[in-house]
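Reader: Hi! Could you walk me through this structure? I'm new to this, so plain words please.
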Amino acid sequence: TWAARPPALDGAETMAFKDCLGSCRHLTSAGTVHQIVMLGLEGAGKTTLLYRLKLHSCWKKEDLIKDLKRLKESGHDADAGYHYEEFQSGVLGTYGIWDVPGDDVMVDLWPMFYRYVPVTAVLFVVDGSVEGVRDHDKVVKTQSLLHFLLNENELRNAAFFLIINLKKKDEQEPVDAERICELLRVYEIEAQPWNKKRWKWYAIDCADITDRDAAWKTVLEEIFKIHSGLQGPSG
């Protein structure tokens, strides 16, 4: 976990990221695309959520889960970096979601995604399965990263949503979302004046949602409300 900020990249690495993210900066500077960064440890459900939102009509839930699992287990993931997809909604207009990997290497690079892209919202996805909750080291690391990100200066004007991936249909005895909130010390966040106005948490099954679902529309509506409030009357 991070004791302070992650290690800085060298000049070449920084330039590579700037070039990589540059294609979206001109869009966000004009205010035409709301950028949402999705973070969380490996296996939390980030990529599943992204492609259920994007491809639910042509990539069935069962096939998506099997394909992503098979790709990861094969060890031959040709697309091991981030994923980016754009969407349209009535409330946000055009918005893009960055799905950033949560392995040890990429966690150190997370700040690059919010230092060079103006972020409207952060979705922090956590594994809500029984197995995930029982992994003490994973829970501790998740808690540390969550609280670190909430206090990052570059994200102070971004809505911040915790997404608890309960995977209800895969568990005979689903974990209580409130229990996960306790483990992550959510009560501390909700008591912080500088965070509670931009903070929400939702419990969903990342493999069982689409961009047409009421639950997702609620997430977008709350992002819009919080973002508008943080920007002020002229934002």
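Author: Happy to; we'll go from the whole chain to a strand, a helix and some charged pairs. Keep in mind that this is a predicted model.

Reader: Good to know. How many helices and strands does the chain have?
Author: There are 11 helices and 6 strands in the chain.

Reader: And what share of the residues counts as buried?
Author: Of the 235 residues, 48% count as buried. The chain exposes about 12000 Å², and carbon and sulfur atoms supply 50% of that area.

Reader: Let's zoom in. Is strand β1 mostly covered or mostly open?
Author: Strand β1, residues 33–39, is mostly covered, with 7 of its 7 residues buried.

Reader: Which residues sit on which side of β1?
Author: One side has Val33, Gln35, Val37 and Leu39, while His34, Ile36 and Met38 are on the other. In a regular strand the side chains alternate between the two faces of the sheet.

Reader: What does β1 pair with?
Author: Strand β3 (residues 93–99) runs parallel to β1 and is joined to it by 6 bridges. Strand β4 (residues 121–127) also pairs with β1 in the parallel sense, over 4 bridges. Met38 is a nice spot to look at: Met38 stands opposite Asp99 in β3 and opposite Leu123 in β4.

Reader: Cool. New topic: which residues of helix α11 are buried?
Author: They are Trp216, Val219, Leu220, Glu222, Ile223, Ile226 and His227. They cover an arc of only 165° around the axis, so they lie on the same side of α11.

Reader: What's on the face turned away from that buried side?
Author: That face carries the exposed residues Ala214, Lys225 and Gly229.

Reader: Glu222 is a charged one, right? What does Glu222 form a salt bridge with?
Author: Glu222 forms a salt bridge with Lys225, and their closest N and O atoms are 3.6 Å apart. Both lie in α11, 3 residues apart, which is about one turn of the helix. Glu222 is buried because its relative accessible area, 16%, is under 20%, whereas Lys225 at 53% counts as exposed. Salt bridges that share partners join Lys200, Glu222 and Lys225 into one network.

Reader: How many salt bridges are there in the count?
Author: The count comes to 7 salt bridges. Another one of them joins Lys138 and Asp127, with the closest N and O atoms 3.5 Å apart. This pair links distant parts of the chain: Lys138 is in helix α7 and Asp127 is in strand β4, 11 residues apart.

Reader: Is Asp127 buried or exposed?
Author: Asp127 is buried, at 14% relative accessible area, while Lys138 is partly exposed at 22%.

Terms used. Residues numbered from 1 in each chain as written. Predicted model: local features only at pLDDT ≥ 70, side-chain atom pairs only at ≥ 80, totals over all residues. Heavy atoms only, no water. Buried < 20%, exposed > 50% of the residue type's maximum accessible area, 1.4 Å probe, protein only. Helix = DSSP H or I, 4+ residues; strand = E, 2+ residues; numbered from the N terminus. Arc of directions from axis to C-beta. Areas by Shrake-Rupley, 256 points an atom, 1.4 Å probe, with all protein chains shown as cover. Pairing = 2+ DSSP bridges. Salt bridge = Lys/Arg side-chain N within 4 Å of Asp/Glu carboxyl O.
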